[in-house]
Amino acid sequence: MGESITVATRYADSPKPCSKLCNLSNLQLRFLCPSDIQEVQALCSDWFPIIYPYYWYEEITSNPRFYSLAAVYDGVIIGLIVAEIKAFSELNKEDEDILAPTFGKDTLVAYLLSLGVSQSHRRNGIASVLLDNLISHLTSVDNPHCKALFLHVLTTNSPAIHFYQRHQFKLHAFLPYYYYINGKSKDGFTYVLYVNGGHPPWGLTDYMKHYCKVLAHTDPCAVPVWLWNKMQLMMRWAWPTTWVAMWSSSS
């Protein structure tokens with residue numbers, strides 16, 4: 001849980017817009033390497049309210065399972081994003097329902113660990129550039145088996161929540177007492193962005209929508225008349241709004 005706090009608390013602390021201090025056209029993106037450890041340590045100490053062990057920095061700067069991208073301006077790292085790509089079977093218990101059980105245990109997911117931008121360079125779109133690059137990586141032809149990008153965030157961190165919502169992340173779960181910060185327990189949310197056909201476990205509504213869509217595209221000649229009529233009546237009764245929408249889209 002310690003690592004997830006970095007996503008939740010410090011990416012957008014400043015409530016006041018900063019002046020444009022950098023031009024995105026002059027911004028460079030590159031992967032972190034072991035020689036960045038000292039600089040990244042200093043940034044994380046400034047940005048985040050927890051202390052990472054040294055091996056964590058060694059891991060994110062050298063282990064290929066981490067997608068660790070730095071935003072560099074004038075030769076200085078001013079932002080970074082770190083995500084861990086791992087198998088669905090390796091998720092903690094609170095995250096096991098992110099994907100539908102129809103996905104195999106070897107299905108990949110990405111866990112967004114850290115997203116930070118230097119105070120003086122915030123509100124310049126740098127966090128969006130970093131996140132967009134991660135999403136592009138996860139949705140490339142090289143990563144067809146990654147089905148979701150998820151994160152944990154404090155329920156009180158409205159700036160971060162709004163940021164992720166603008167990038168199409170959806171609220172998935174409420175995590176009571178998920179964080180323990182400065183001697184106090186605090187609640188969290190799980191937010192998920194589904195990619196490459198990934199989706200959460202289906203509920204009744206999802207099944208109804210699915211069967212309405214199937215029925216709307218079914219050739220009546222392939223189904224006995226009596227069965228066709230009963231199926232139509234059932235769908236209209238159970239989910240009239242979805243039926244009308246699906247039938248209209250197929251016409």
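Trainee: What share of the 251 residues in the protein is buried, and what makes a residue count as such?
Mentor: The share is 45%. A residue is called buried when its relative accessible area is under 20%, exposed when it is over 50%, and partly exposed in between, with a 1.4 Å probe and protein chains only as cover. The model is predicted: local features need pLDDT of at least 70 and side-chain atom pairs pLDDT 80 or more, while totals for chains, interfaces and linings use all residues. Residues are numbered from 1 along each chain as its sequence is written, and side-chain values use heavy atoms, leaving out hydrogens and water.

Trainee: How much surface does the protein expose, and what do carbon and sulfur atoms supply?
Mentor: About 13500 Å² is exposed, and carbon and sulfur atoms supply 57% of it. Areas come from the Shrake-Rupley method with a 1.4 Å probe.

Trainee: How many helices and strands are there, and what makes a run of residues count as one?
Mentor: There are eight helices and seven strands. Each is a DSSP run, numbered from the N terminus: H or I over at least four residues for a helix, E over at least two for a strand.

Trainee: In what order do the strands form the sheet?
Mentor: The order is β1-β2-β3-β4-β5-β7-β6, in an open sheet with mixed pairing. β1 (28-31) and β6 (170-181) each have a single partner strand, so one side of each is left without a neighbour in the sheet. Neighbouring strands are turned by 25 degrees against each other on average, direction ignored.

Trainee: Why are β4 and β5 called a pair?
Mentor: Pairing requires that DSSP finds at least two bridges between the strands. Three bridges join β4 (residues 108-117) to β5 (residues 146-154), so the condition is met; these strands run parallel. One of the bridges sets Leu 108 against Cys 146 in β5.

Trainee: Which pairings of β7 are antiparallel?
Mentor: β5 and β7 pair in the antiparallel sense over seven bridges, and β6 and β7 run antiparallel with eight. Tyr 191 in β7 is the bridge partner of Leu 151 and also of Leu 171. The hairpin of β6 and β7 has two residues between the strands, and in it Asn 182 takes a positive phi near 50 degrees.

Trainee: Which helix lies across β4, β5 and β7, and at what angle to β5?
Mentor: Helix α5 (residues 158-166) does, at about 160 degrees to β5. Axes are lines fitted to C-alpha atoms, for helices over the stretch in contact, and angles run from 0 to 180 degrees between N-to-C directions. Contact means heavy atoms within 4.5 Å.

Trainee: What makes a group of residues a nonpolar core, and which members of the largest one touch the most others?
Mentor: A core is a set of buried Ala, Val, Leu, Ile, Met, Phe, Trp, Tyr and Cys residues joined through side-chain atoms within 4.5 Å. The largest has 34 residues, of which Val 40, Cys 44, Tyr 57, Ile 60, Ile 77, Leu 99 and Phe 150 touch the most other members. Helix α2 gives the largest share, five residues. A second, separate core of 33 residues includes Leu 112, Val 117, Val 153 and Tyr 164.

Trainee: What does Ile 77 contact beyond its neighbours within four places in sequence?
Mentor: Its contacts include Arg 30, Asp 36, Val 40, Leu 43 and Val 72.

Trainee: How do you know that Arg 30 and Asp 36 form a salt bridge?
Mentor: The term requires a side-chain nitrogen of Lys or Arg within 4 Å of a carboxyl oxygen of Asp or Glu. Their closest N and O atoms are 2.7 Å apart, so the pair qualifies. Arg 30 is partly exposed at 32% relative accessible area, whereas Asp 36 is buried at 4%. The whole structure holds four salt bridges.

Trainee: Which salt bridges does Arg 65 take part in?
Mentor: Arg 65 meets Glu 59 at 3.2 Å, N to O, and Glu 84 at 2.8 Å. The second pair links the loop between α3 and β2 to strand β3, 19 residues apart. Salt bridges that share partners join Glu 59, Arg 65, Glu 84 and Lys 86 into one network.

Trainee: Are Glu 59, Arg 65 and Glu 84 buried or partly exposed?
Mentor: Glu 59, at 26%, is partly exposed, and so is Arg 65, at 35%. Glu 84 has a relative accessible area of 10% and is therefore called buried.
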